[in-house]
Amino acid sequence: MSEFDLDLRNAETHLETEDIEGSVILGVLDGSTEPEEWVAGVESGNVLVLAIEGDLNKLAAGFAREVKDMGGQLMHFRQMLVVTPPGVDIDTGPLD
């Protein structure tokens with residue numbers, strides 16, 4: 001067997017890492033918050049988890065298209081709307 005030199009102590013310095021910025025913002029989607037505020041939150045790299053109080057289609061109409069156009073995702077899960085910025089995927093695999 002041939003030997004090779006593997007230096008695990010310094011391996012971390014060779015890995016590419018992405019700086020993740022943003023927070024998870026909990027809120028209530030009831031029409032009291034301006035759609036621009038939700039869009040600004042997503043543009044800042046935040047994930048929104050919004051409790052839905054009312055008709056989801058009407059309440060999300062003011063920001064859903066804009067979030068999708070910027071590359072974000074929206075997912076209705078139980079009584080919540082999860083909204084992610086570009087580059088943050090929603091994994092629904094465990095629900096299958």
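These exercises walk through a predicted model of a protein.

**Exercise 1. Lay out the fold: how many helices and strands are there, and in what order do the elements run?**

Step 1. Count the elements. The protein has three helices and four strands.
Step 2. Read from the N terminus. The order is β-α-β-α-α-β-β.
Step 3. Look at the contacts. Of those between residues at least 6 apart in sequence, 45% join residues at least 24 apart.

**Exercise 2. Find the salt bridge: which side chains meet in it, and are they buried or exposed?**

Step 1. Count. The protein has one salt bridge.
Step 2. Name the partners. The side chains of Arg-65 and Asp-69 meet at 4.0 Å, N to O.
Step 3. Place them. Both residues lie in helix 3, four residues apart, about one turn of the helix.
Step 4. Apply the cut-off. Exposed means over 50% relative accessible area. Arg-65 has 55%, so Arg-65 is exposed. Asp-69 has 59%, so Asp-69 is exposed too.

**Exercise 3. Trace the negative surface patch: which residues form it, and which helix gives the largest share?**

Step 1. List the members. They are Glu-34, Glu-36, Glu-37, Glu-43 and Glu-66.
Step 2. Assign them. Helix 1, residues 35-43, supplies the largest share, three residues.
Step 3. Place Glu-66. This residue sits in helix 3, residues 64-69.
Step 4. Classify Glu-66. Partly exposed lies between 20% and 50%. Glu-66 has 43% relative accessibility, so Glu-66 counts as partly exposed.

**Exercise 4. Describe the whole surface: what area does the protein expose, and what share of its residues is buried?**

Step 1. Take the area. The protein exposes about 7500 Å².
Step 2. Split it by atom. Carbon and sulfur atoms supply 49% of that area.
Step 3. Turn inward. Of the 96 residues, 26% are buried.

Technical notes:
Residues numbered from 1 in each chain as written. Predicted model: local features only at pLDDT ≥ 70, side-chain atom pairs only at ≥ 80, totals over all residues. Heavy atoms only, no water. Patch = residues over 30% accessible without salt bridge, like charges linked within 9 Å, V, L, I, M, F, W, Y side chains within 5 Å. Areas by Shrake-Rupley, 256 points an atom, 1.4 Å probe, with all protein chains shown as cover. Lys, Arg positive; Asp, Glu negative; His and termini not counted. Charge placed at Lys NZ, Arg CZ, Asp CG, Glu CD. Helix = DSSP H or I, 4+ residues; strand = E, 2+ residues; numbered from the N terminus. Buried < 20%, exposed > 50% of the residue type's maximum accessible area, 1.4 Å probe, protein only. Contact = heavy atoms within 4.5 Å.
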